[in-house]
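Here's a quick tour of one protein model. Have a look at the fold before reading on.

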Amino acid sequence: MENQNTKGKDFEKSPWKNDQFTWKINNFSKYDSKTYSESFVLSGFPWRIIMYPKGNKNSLGYLSLSIYLDISEIDNFRKEWRRYVNLELSVTNQSIGSLTIVKETEQEFKSSNHYCWSVDKFIHLDELRNSWNGFIVNDTLIIKARITSVKDRFYKRLKVDEEVSETESSPAQPISVMENSMMPSCDNLVDFKGLGRIEKEFVPLLEEVCSQHPSLVDNQRKRKRTPRFTEWAFTALGRVLHFLNTKTVKDMNEDGCHNLQILWEELETVGFDLSWLEPHFQSAMSKKNYVQKYENVKKLRKNVATLERNLAKARKQLVEAEKGFVEKDLDAKLGYGTP
């Protein structure tokens, strides 16, 4: 996105828009300190994103992101006003779009305070930098921001939820009451048994296991979970099933096991009875030792083959060298006189 010349504009008069900003960060590995995006206008106001590529003081080892209202670009900012906005920050998965990580909040922004939102632990750096995960491709990271307005009548309910949640970590970081991880694109979602909208590729797998284990659906309905929690629960199950259904033995190296472990730990938190699935999980994890042994045997076989080729070459060279060669006693005295 081109840098926008916003200075001197009356942003109060700008209409709300459902808009998005994309920050493409090339040579990401070279960044090691706090970095600002260019100023961009969404929903009629100027914003900036702050990236902490190695985490801020509260979250070392994580990618940390903040988005703030760029008040330096607003001439009439001192005037009393307030806006209710829905904020989204996302880190794009460039390999599998449905695994893009999205963090979301609804928040009041006003002239007196609350014009910054931060996510300290957006994604662990080990997960981010792992090329197998697809978040960084050709040393390029893609961060997106989406900002839309929220109607006042919905905001009253939002304030009640915020007071109950007690998740605000500091005055400078508004409460995130709608935070989601790995939210898929809406175009890739379909209804699943009236329980919520799930990614298309997961639905056939979920239908199969739910027909074999109907308690998966029954327990969720009996517990009267919120629609958002239910969607998250079945999405977590779908990710594990999709992993087990698409990965091969050779994929279960260090990275593969690490990623499956993360998916499994997320699934364990939703309350499903996983006794039927755990043996398959353990079997997949055990493949790591086999893959390591396979790679070791493969390497040794290659080394032996190389040695055998070198030995054959050396023997051939020896045969050529022995042609016309008469072996003599190297300890014999040279002598003199009669030959």
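What follows covers the model's cores, a helix pair and a loop residue.

## Ground rules

This is a predicted model, so local features need pLDDT of at least 70 and side-chain atom pairs count only at pLDDT 80 or more, while totals for chains, interfaces and linings use all residues. Residues are numbered from 1 along each chain as its sequence is written, and side-chain values use heavy atoms, leaving out hydrogens and water.

## The nonpolar cores

The largest nonpolar core (buried Ala, Val, Leu, Ile, Met, Phe, Trp, Tyr and Cys joined through side-chain atoms within 4.5 Å; buried is under 20% relative accessible area with a 1.4 Å probe, protein chains only) holds 33 residues. F234, L237, L267 and F272 have the most contacts inside it. At least two residues each come from α3 (203–212), α4 (215–222), α5 (227–246), α6 and α7, with α5 giving the most, seven. Helices here are DSSP runs of H or I, at least four residues, and strands are E runs of at least two, numbered from the N terminus.

Beyond four places in sequence, F272 contacts (heavy atoms within 4.5 Å) L216, Q220, A233, F234, L237 and L267. A second, separate core has 32 residues, including I25, M51, V85 and V91.

## Helices α6 and α7

E254, C257, L260, Q261 and W264 of α6 meet E278, F281, A284, M285, K288 and Q292 of α7.

## Asparagine in a loop

N133 sits in the loop between α1 (125–129) and β9 (141–149). Is N133 buried or exposed? Its relative accessible area is 8%, so N133 is buried. Leaving out residues up to four places away in sequence, N133 touches N93, E127 and N259.

Note on methods:
Buried < 20%, exposed > 50% of the residue type's maximum accessible area, 1.4 Å probe, protein only.
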